[in-house]
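Here is a friendly walk through one protein model, written for someone who likes to know the cut-offs behind each term. Please have a look at the sequence and the structure first.

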Amino acid sequence: MDPILGFMGTTNMSHNTNLMIAAAATTTTTSSSSSSSSGGSGTNQLSRYENQKRRDWNTFGQYLRNHRPPLSLSRCSGAHVLEFLRYLDQFGKTKVHTHLCPFFGHPNPPAPCACPLRQAWGSLDALIGRLRAAFEENGGSPEMNPFGARAVRLYLREVRDSQAKARGISYEKKKRKRPPPPLPPA
C-alpha cells in the first residue's frame, strides 16, 4: 500500500469543521501531555518544529477526510491547498483592513474597525513549509508536492503584499550583497 494513502486513511467522516478543530486540539493536548510525561529521559523526544509539523499534517489530513467528496492525498492539488488556506482564515487573528476602511494603510490604527481577521502571512508561509516537508517525509515525491505548486506560491505572495498594503508596511526584496572580487595573487 502507498505510504501516503495508508497514513491519510480513507475513512468517510461527516463534513463538520468542528471535528477538525477538535481533532487539532486533541492532537495538541495529546502531544503536550505525552512530551511532558516523558520528562527529561531524552528518549526520542521530538522538537517543537517536528511536533508542529505532525499536528499540521494531521490537521490537513482531517481536512481532506472532511472534504466533500472526501479526498485522498494522491488526488490533492494546489487548488485544494488554497481552499485549505482560505478555510483557515476564519481562525485568523490578524486584522486586515479593506480598501474602504479609513485605516487602510495605517500601521497603528487609532480606533477599532469592522475589518476581517485573517491568518497572518508569516503563519501561512511557515505552515506551507512544514506541510511541504511532511509530504515528502511521508513518501510523496517533490515533483508531485501540492504544497509547492506555483498557485500556492503566488497566493502566498498575494497575501503578503495585500497585508503589507493594508497595514502600510512595504516588503521590499532585500538586495543581495555581492562579495568583493578576489584579489589577484601577489
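## Charges on the surface

Helix 6 gives the most to the positive patch, with three residues. The patch itself is formed by Arg-132, Arg-150, Arg-153 and Arg-157. Patches here are made of residues with over 30% relative accessible area and no salt bridge, with like charges joined within 9 Å and nonpolar side chains (Val, Leu, Ile, Met, Phe, Trp, Tyr) within 5 Å. Lys and Arg count as positive and Asp and Glu as negative, while His and the chain ends are not counted. The place of a charge is taken as NZ of Lys, CZ of Arg, CG of Asp or CD of Glu. Accessible areas come from the Shrake-Rupley method with a 1.4 Å probe, and for residues only the protein chains shown count as cover.

One member of the patch, Arg-157, sits in helix 6. Arg-157 is partly exposed, at a relative accessible area of 45%. On this scale buried means under 20% relative accessible area, exposed means over 50%, and partly exposed lies in between (1.4 Å probe, protein chains only).

A word on the origin of the values: this is a predicted model, in which local features need pLDDT of at least 70 and side-chain atom pairs count only at pLDDT 80 or more, while totals for chains, interfaces and linings use all residues. Residues are numbered from 1 along each chain as its sequence is written, and side-chain values use heavy atoms, with hydrogens and water left out.

## The overall layout

The chain has six helices and two strands. Read from the N terminus, its elements follow the order α-α-α-α-β-β-α-α. Helices (H or I, at least four residues) and strands (E, at least two) are DSSP runs, numbered from the N terminus. Of the 186 residues in the chain, 31% count as buried.

The largest nonpolar core holds 24 residues, and those with the most contacts inside it are Phe-60, Val-81, Phe-84, Leu-85 and Phe-147. Helix 3 (48-66), helix 4 (78-88), helix 5 (121-137) and helix 6 (150-167) are the elements that give two or more residues to this core. The term stands for a set of buried Ala, Val, Leu, Ile, Met, Phe, Trp, Tyr and Cys residues joined through side-chain atoms within 4.5 Å. In soluble globular proteins, nonpolar side chains tend to be buried together.

## Salt bridges

The structure holds four salt bridges, each defined as a side-chain nitrogen of Lys or Arg within 4 Å of a carboxyl oxygen of Asp or Glu. Three of the pairs are listed here.

| Pair | N to O distance |
|---|---|
| Glu-50 and Lys-53 | 3.2 Å |
| Arg-130 and Asp-56 | 2.4 Å |
| Arg-160 and Asp-161 | 3.3 Å |

What does the pair of Arg-130 and Asp-56 tie together? Arg-130 lies in helix 5 and Asp-56 in helix 3, so this salt bridge joins parts that are 74 residues apart in sequence. Arg-130 counts as buried at 15% relative accessibility, and Asp-56 counts as buried at 9%.

Glu-50 and Lys-53 both belong to helix 3, where they are three residues apart, about one turn of the helix. Glu-50 is partly exposed, with a relative accessible area of 27%, whereas Lys-53 is buried at 4%. These two residues are also linked with Glu-137 in a network of salt bridges.

In the remaining pair of the table, Arg-160 is partly exposed at 24% relative accessibility, and Asp-161 is partly exposed at 30%.

## Loops and contacts across the sequence

Which peptide bond is cis? The bond from Arg-68 to Pro-69 is, with omega near -5 degrees. For background, most peptide bonds are trans. Pro-69 is placed in the loop between helix 3 and helix 4, and Leu-71 lies in that loop too. Leu-71 counts as buried at 16% relative accessibility. From Leu-71 to Gly-61 the C-alpha to C-alpha distance is 9.1 Å, with their positions 10 residues apart in sequence.

Phe-91 is found in the loop between helix 4 and strand 1 (94-95) and is partly exposed at 34% relative accessibility. Phe-91 and Arg-118 are 27 residues apart in sequence and 7.0 Å apart in space, C-alpha to C-alpha. Arg-86, in helix 4, is partly exposed at 48% relative accessible area. Arg-86 and Arg-118 are 32 residues apart in sequence, and their C-alpha atoms are 9.0 Å apart.
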